Amino acid sequence: MRYICLILIIITTSCKSSKNSNSNHDHRTHSVPACCGVDCMEQDGILKSFENIFYTRIDTSKLQIGINFFIVNRPLESYVETISHNINELNISFEGAIEFRKNKIHTLYSDHSLPLVYKDYLAGGDLLDNLSEGKAEAGYINVFVMETMEEEPGRILHGFTPLFNDYHEGYAKVTPEMDRLMVSFEGLEFNSSLFHELGHYFSLAHPWELSEEQKTVLGLLDPQEECINHMNYNCFVNKFTEPQLKQMKMFATTYRAYLGIQRG
Ligand SMILES: [Zn+2]
């Protein structure tokens with residue numbers, strides 16, 4: 001039985017605004033410019049494993065969460081720096097709310113692409129489970145970085161995150177299955193998709209899904225603020241608002257505490 005009630009997707013751009021497609025859609029898929037693709041059924045399992053070498057000393061005065069990265073079908077070495085850059089930028093964007101640290105980085109092989117895994121997942125298939133079985137680790141966020149492809153002109157999937165619709169208490173009960181985030185290589189390289197998916201992971205919705213009152217509460221006070229927000233589809237996104245950060249921190253301490261979060 002599938003636990004998932006809702007899947008939120010991010011399809012970002014390789015650097016053209018996609019805001020014009022933010023309406024008239026089902027909130028799950030999204031149109032944007034192009035990029036590329038492959039991935040998902042694990043073949044030989046882990047080829048390389050750099051376990052624990054990225055540990056940093058835990059500061060118990062902050063919320064700290066470890067992230068495992070799984071690089072699918074590409075050389076791990078090529079992404080060590082990109083992952084470090086993402087972590088550094090994440091910690092700037094989430095400053096005062098949550099601090100992330102790299103835990104492990106693995107290489108996986110798969111025969112399927114990100115869009116195929118997503119479609120299979122929606123259909124109740126097991127490609128994602130096959131990919132992550134024995135790899136996704138309880139107590140951590142597990143990020144699978146996969147190739148994507150243009151499914152139709154101007155339409156590319158750059159990530160998705162399994163979420164419960166309204167059963168937040170369930171996250172602790174269904175871990176690490178509900179701690180798996182999928183992002184494309186391009187999304188990781190642009191420092192965009194992981195931010196966006198973590199926003200979903202910690203309860204945030206897309207701006208266009210919010211009422212005007214909700215936007216006000218979350219500090220999305222004008223079109224410019226909304227445009228550059230990480231929860232938008234736009235390659236110029238660069239921030240979360242302070243109210244969003246507070247909401248994410250509260251959500252993390254309330255419903256994601258099983259991650260080994262340190263409360264401060
Ligand atoms: Zn999204």
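**Reading helix α1 and unusual backbone geometry**

Modeller: In this predicted model, helix α1 comprises residues 80–93, 14 residues in total, and its first and last C-alpha atoms lie 20 Å apart, close to the 20 Å expected at 1.5 Å a residue.

Biologist: Which residues of α1 are buried?

Modeller: The buried positions of α1 are I83, N86, L90 and S93. They share one side of α1, because they cover an arc of only 85° around the axis. On the other side of the helix, E81, N88 and I92 are exposed.

Biologist: Against which elements do the buried residues of α1 pack?

Modeller: Their partners are the strands β3 (64–72) and β4 (99–108), together with the helices α4 (185–189) and α5 (193–201).

Biologist: How should one read the backbone angles?

Modeller: As a general rule, most peptide bonds are trans, and most residues other than glycine have a negative phi. In this structure, the peptide bond from T175 to P176 is cis, with omega near 10°. P176 belongs to the loop between β8 (159–163) and β9 (180–184).

Biologist: What is the phi of N191, and where does N191 lie?

Modeller: N191 is not a glycine, yet its phi is positive, at about 55°. This residue is found in the loop between α4 and α5. With 19 other C-beta atoms within 10 Å, N191 is partly exposed; a buried residue would need 20 or more.

Biologist: What is the phi of S203?

Modeller: S203, also a residue other than glycine, has a positive phi near 95°. The loop between α5 and α6 (212–217) contains S203, which is partly exposed, with 17 other C-beta atoms within 10 Å.

Notes:
Residues numbered from 1 in each chain as written. Predicted model: local features only at pLDDT ≥ 70, side-chain atom pairs only at ≥ 80, totals over all residues. Helix = DSSP H or I, 4+ residues; strand = E, 2+ residues; numbered from the N terminus. Expected span 1.5 Å × (residues − 1). Buried ≥ 20, exposed ≤ 12 C-beta atoms within 10 Å, placed from the backbone. Arc of directions from axis to C-beta. Contact = placed C-beta atoms within 7 Å.
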